[in-house]
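Trainee: I keep meeting words like "oblique", "pocket" and "cavity". Can we go through what earns each name?

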Amino acid sequence: MNATIAMTRAATLKPKPRDSDLTFGVVFTDHMVAIPYQEGQGWGETRIEPYGPFSLDPAAAVLHYAQTVFDGLKAFRGQDGVIRLFRPQQHIERLRRSATRLCMPALDADRVMDALLSLLEIEQEWVPSEPGTALYIRPVIIATEPFLGVRPARSYLFYIILSPVGSYYPGELEPLRILVSDRYVRAVDGGVGDAKTGGNYAASLLAAEEAHAAGYAQVLWLDGVQRRYLDEVGTMNIMLRIGDEIVTPPLGGTILPGITRDAALTLLREWGLRVSERPIAIDEVFAAAESGQLREVWGTGTAAVVSPVGELAYRDARITVNDGRIGDVTQRLYDTITAIQYARVPDTHGWMTPIDV
Ligand SMILES: *Cc1c(COP(=O)(O)O)cnc(C)c1O
């Protein structure tokens, strides 16, 4: 245990749910990490304390102007019993980039990693072991200064909470029905679409609610200027297999740089597939479907790894992808990434960080 971490243990421990009862994001572990920041003093001491509500001034900037960022990653219990994190350095780097975009002070990456490892050490029994389960890790930074003016806050709280989660797909991977929105947009060029910040998700709710009401699982977002180019699907990056090419929208503007996206692109290139990061117009997708060239569509993200898309609806048109079945490349990506995560195959990319306990 790191000497610079102040630890207060929970007086009583919660009962742990059975692996088979786990869903997503409803159960939290016994402890959390908290590090306060005060302008002029910098980041304070790392504390590990009992999980629970904290008090926040009603004027805290985060509650008014959404100065907040987060990330999401997972720890897996491998088939050998060892707990491993998937690409934690990349997640911490992304959190730091998101913080910079939201005018928040940068946290030292090593400090975050130390805090996370210490928390996992005392919460290791919370890492479930059934296939498909994991311990979801949610680091967050919020602006805590009580001040109603619009400017970057002078005090913050960084914290990490943990939640054991079930398999996203208890059975087979289930292809999603997706509504392409030509009314709402998720992000605009020059905005905060490439940062994991709360406002993006609040802004997405109405489109998702309308899609659900119409019988769709998620929204496919188009670009904010022409409502023409594919952006993301729900809270996932999108990939398509058109003919022999795998295509995905390029980073550098409105797209959240997914770490699963990066892993998928690395594997696809290793498999010798032709991969292009380029703008994809929705008309191109419909034309490819028309000519029989649209073979697979899927989303990538930490929660589900990959999610096959079985149907796309856009204005009055509707297409079925691969007869509503999961495609070969989608399945292979899911199988390969999960095999690496659960240590069923060697980790040749250095993606897994074992927890030393
Ligand atoms: C988190 C997120 C993703 C996926 O990123 P991963 O690092 O693969 O989990 C994609 N799009 C949005 C909008 C996200 O918030």
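Mentor: Let's take the helix pairs, then the pockets, then the cavities.

Mentor: Residues are numbered from 1 along each chain as its sequence is written, and this is a predicted model, where local features need pLDDT of at least 70, side-chain atom pairs count only at pLDDT 80 or more, and totals for chains, interfaces and linings use all residues. Side-chain values use heavy atoms, with hydrogens and water left out.

Trainee: What do we know about how the axes of helix α2 and helix α3 cross?

Mentor: The axes of α2 (residues 88-101) and α3 (residues 109-123) come within 10 Å and cross at roughly 125°. An axis is a line fitted to C-alpha atoms, for helices over the stretch in contact, and the angle runs from 0 to 180 degrees between N-to-C directions. Helices here are DSSP runs (H or I, at least four residues), strands are E runs of at least two, and both are numbered from the N terminus.

Trainee: Why is α2 called oblique to α3?

Mentor: Under 35 degrees counts as roughly parallel, over 145 as roughly antiparallel, 65 to 115 as roughly perpendicular, and the rest as oblique. Roughly 125° falls in the rest, so α2 is oblique to α3. The crossing is also right-handed, a word used if the near helix is turned clockwise from the far one by less than a right angle (anticlockwise would be left-handed).

Trainee: Which residues meet there?

Mentor: From α2 you get P88, Q89, I92, E93 and R96, and they meet A109, V112 and M113 of α3; contact means heavy atoms within 4.5 Å. By class that contact has 5 nonpolar, 1 polar and 2 charged residues. Nonpolar covers Ala, Val, Leu, Ile, Met, Phe, Trp, Tyr, Cys and Pro, charged covers Asp, Glu, Lys and Arg, and the others, Gly among them, are polar.

Trainee: The axes of α5 (259-270) and helix α7 (residues 328-341) come within 11 Å and cross at roughly 110°. What makes α5 roughly perpendicular to α7?

Mentor: Roughly 110° sits in the perpendicular range, so α5 gets that name with respect to α7. T260, A264, L267 and L268 of α5 touch V329, L333, T336 and I337 of α7. That contact has 6 nonpolar, 2 polar and no charged residues.

Trainee: What makes something a pocket and not a cavity?

Mentor: On a 1 Å grid over the protein atoms alone, a cavity is a set of points where a 1.4 Å probe fits but cannot get out, while a pocket is an open set with protein on both sides within 12 Å along at least five of seven lines. Lining residues have an atom within 4 Å of a point. Grid points are joined across faces, edges and corners, and a volume is the space filled by probe spheres set on the points.

Mentor: The largest pocket has a volume of about 890 Å³. Its lining has 38 residues, with Y201, G234, T235, M236 and A303 nearest the centre. The largest share of that lining, 7 residues, comes from α4. The second largest pocket is about 310 Å³, and D223, Y229, L230, P250 and T254 are closest to its centre among 17 lining residues.

Trainee: How many cavities of 30 Å³ or more are there?

Mentor: The count comes to 3. The largest holds about 50 Å³ of space, and strand β6 (residues 73-77) gives the largest share of its lining, 3 residues. That lining splits into 4 nonpolar, 5 polar and 1 charged.

Trainee: And what lines the second largest cavity?

Mentor: L73, I92, V112, L116, I137, P139 and I160 line that cavity, with α3 and β8 each giving two or more residues. By class, its lining has 7 nonpolar, no polar and no charged residues.
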